[in-house]
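Student: I have a model open and some labels to test. Can we go through them?

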Amino acid sequence: MNNNRIDFFREAAPYIHLHRGKTFVIAFEGEVIESKEFSQLIHDIAILSALGARIVLVHGARSQVDKHLEALKHNIQVVDDLRVTDDITLQVAKETIGALRVEIENQLTHALSTPPIINESLGVLSGNFITAKPLGVHNGTDYQHTGTVRKINAKLIKQLIDAGSIVLLSSLGFSPSGEAFNLRYEDVASATAKALQADKLIFIHNDNATPTTDIELRELNEFIHNHPSQKRLLNHIKTSLLNGVQRVHLLSTKTADALFLELYTRDGIGTMFNASLYEETRQAKVADVSGIIDLIIPLEEKGVLIKRSREQLELEIDQFSVIERDGKIIGCAALYPVDNNTGELASLAIHPEYTGGGRGDALLKRISNIATDKRLNQLLVLTTQSVDWFKERGFTLGDLSDLPDKKKALYNFQRNSKILLKNILLA
Ligand SMILES: CC(C)(COP(=O)(O)OP(=O)(O)OC[C@H]1O[C@@H](n2cnc3c(N)ncnc32)[C@H](O)[C@@H]1OP(=O)(O)O)[C@@H](O)C(=O)NCCC(=O)NCCS
């Protein structure tokens with residue numbers, strides 16, 4: 001068998017495992033449905049579902065609605081990049097979206113059954129999962145039947161995708177009184193990803209591909225400036241990230257097999273946007289004292305860390321390193337030289353919401369480096385509750401006799417901390 005195929009399978013295997021049970025909202029514009037790549041895309045989505053991903057599809061219909069309106073010689077009114085939906089446009093949108101929905105359902109049902117890759121799933125389901133509200137009047141323009149998403153019936157969608165069905169959503173929504181509204185598929189996709197707390201929101205468009213790269217939220221404005229032809233979609237992606245969607249992928253039908261290459265290869269093929277905020281590990285400054293206090297007080301109260309007053313912290317701030325994430329201190333650690341040989345690692349703390357991400361390790365490494373720069377030979381830790389954590393990182397249990405004299409005198413017998421030591425020259 002061709003080695004490339006085997007290599008691809010080896011590379012893909014961990015991703016197959018990773019994506020099982022994850023929720024993906026996949027949104028594509030109307031042009032994608034008309035593209036020659038669409039039937040392959042539908043087949044790939046069926047396989048993704050068969051591999052255990054929970055899938056919600058959202059389709060657009062803008063180009064098809066425009067074509068019908070042009071055929072009717074009806075005026076297409078767009079103000080500030082947003083369609084004004086009058087009575088005729090709404091009627092056309094309902095008919096067009098209805099027809100597209102049937103077409104997609106049909107293709108997907110076919111893909112799910114030839115070859116029969118889906119087991120006991122319910123196949124593809126569409127329905128009235130979106131409550132809409134009118135957009136109203138903006139800067140003097142009455143947008144009439146153009147609406148925005150008011151609520152997504154996440155509970156029902158979750159039940160269906162949990163059972164293995166693919167849910168198909170379109171850009172029509174209804175108010176509680178039964179009035180229909182024409183929505184933007186990008187809004188529906190973004191609101192759905194948020195309501196479902198989806199693991200990924202994937203937009204597929206029919207224009208030229210944007211670069212294969214990762215973009216952080218803080219880099220997005222510059223990216224939008226450099227890719228003006230994608231401005232509309234990129235602005236939606238920005239809103240999605242600001243609204244709490246963690247990861248958004250942008251793929252183009254112009255890249256063959258983009259969906260699989262993005263999801264099952266290490267480097268991906270599309271542009272991935274993530275909401276992860278700015279984070280850095282650095283030397284602490286006096287302005288960080290309040291943040292450090294907020295972080296360590298709960299641990300001091302539980303007896304995990306030794307109490308340090310604000311004054312003491314201000315005086316000792318140079319000994320501290322911190323992890324700052326979007327302006328908030330989420331980790332800290334200090335190094336106190338004890339004598340010429342030993343430094344004490346103290347006040348190591350990671351905010352409970354951020355533990356398990358290797359940050360404790362990162363701070364320990366930083367403190368070890370600072371200690372070696374100071375020509376210290378060993379690190380000492382007094383801990384009551386994290387003995388194993390340090391042992392797993394090369395520390396060994398010591399006793400009182402191992403403490404430098406200066407430290408022996410200050411040892412708090414009541415606290416009964418365990419004494420852990422690590423020779424950092426060997427590290
Ligand atoms: C200990 C602490 C700093 C680890 O931070 P972290 O960012 O979660 O660390 P890492 O991500 O590098 O390591 C996480 C691993 O350590 C384990 N761990 C966390 N706390 C532990 C503890 N008290 N004892 C043993 N293991 C622990 C986790 O289970 C995880 O293991 P896994 O990877 O096998 O799932 C953090 O839990 C903390 O702030 N604890 C309270 C303060 C404290 O005890 N400080 C030490 C005294 S100075």
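The turns below take the ligand first and a salt bridge after that.

Tutor: This is a predicted model, where local features need pLDDT of at least 70, side-chain atom pairs count only at pLDDT 80 or more, and totals for chains, interfaces and linings use all residues. Residues are numbered from 1 along each chain as its sequence is written, and side-chain values use heavy atoms, with hydrogens and water left out.

Student: What makes Gly-356 a polar contact of the ligand?

Tutor: A polar contact is a pair of N or O atoms within 3.5 Å. A backbone N or O atom of Gly-356 lies 2.7 Å from a ligand oxygen, so the pair qualifies.

Student: Why does Arg-393 count?

Tutor: One of its polar side-chain atoms is 3.4 Å from an oxygen atom of the ligand. That is within 3.5 Å, so Arg-393 counts.

Student: Which residues of the ligand shell are closest?

Tutor: Leu-348, Ile-350, Gly-356, Gly-358 and Ser-386, out of 20 that surround the ligand. A residue is near if one of its heavy atoms lies within 4 Å.

Student: Which elements each supply at least two shell residues?

Tutor: β20 (342–350), α13 (359–373) and α14 (387–391).

Student: Why is Asp-66 with Arg-83 called a salt bridge?

Tutor: The term needs a side-chain nitrogen of Lys or Arg within 4 Å of a carboxyl oxygen of Asp or Glu. Here the closest N and O atoms are 2.8 Å apart, so the name fits. The pair joins helix α4 (residues 62–71) to strand β4 (residues 82–83), 17 residues apart.

Student: How many salt bridges does the whole structure have?

Tutor: The search finds 16.

How values were computed. Polar contact = N/O pair within 3.5 Å; in protein donor to acceptor, adjacent residues only side chain to side chain. Helix = DSSP H or I, 4+ residues; strand = E, 2+ residues; numbered from the N terminus.
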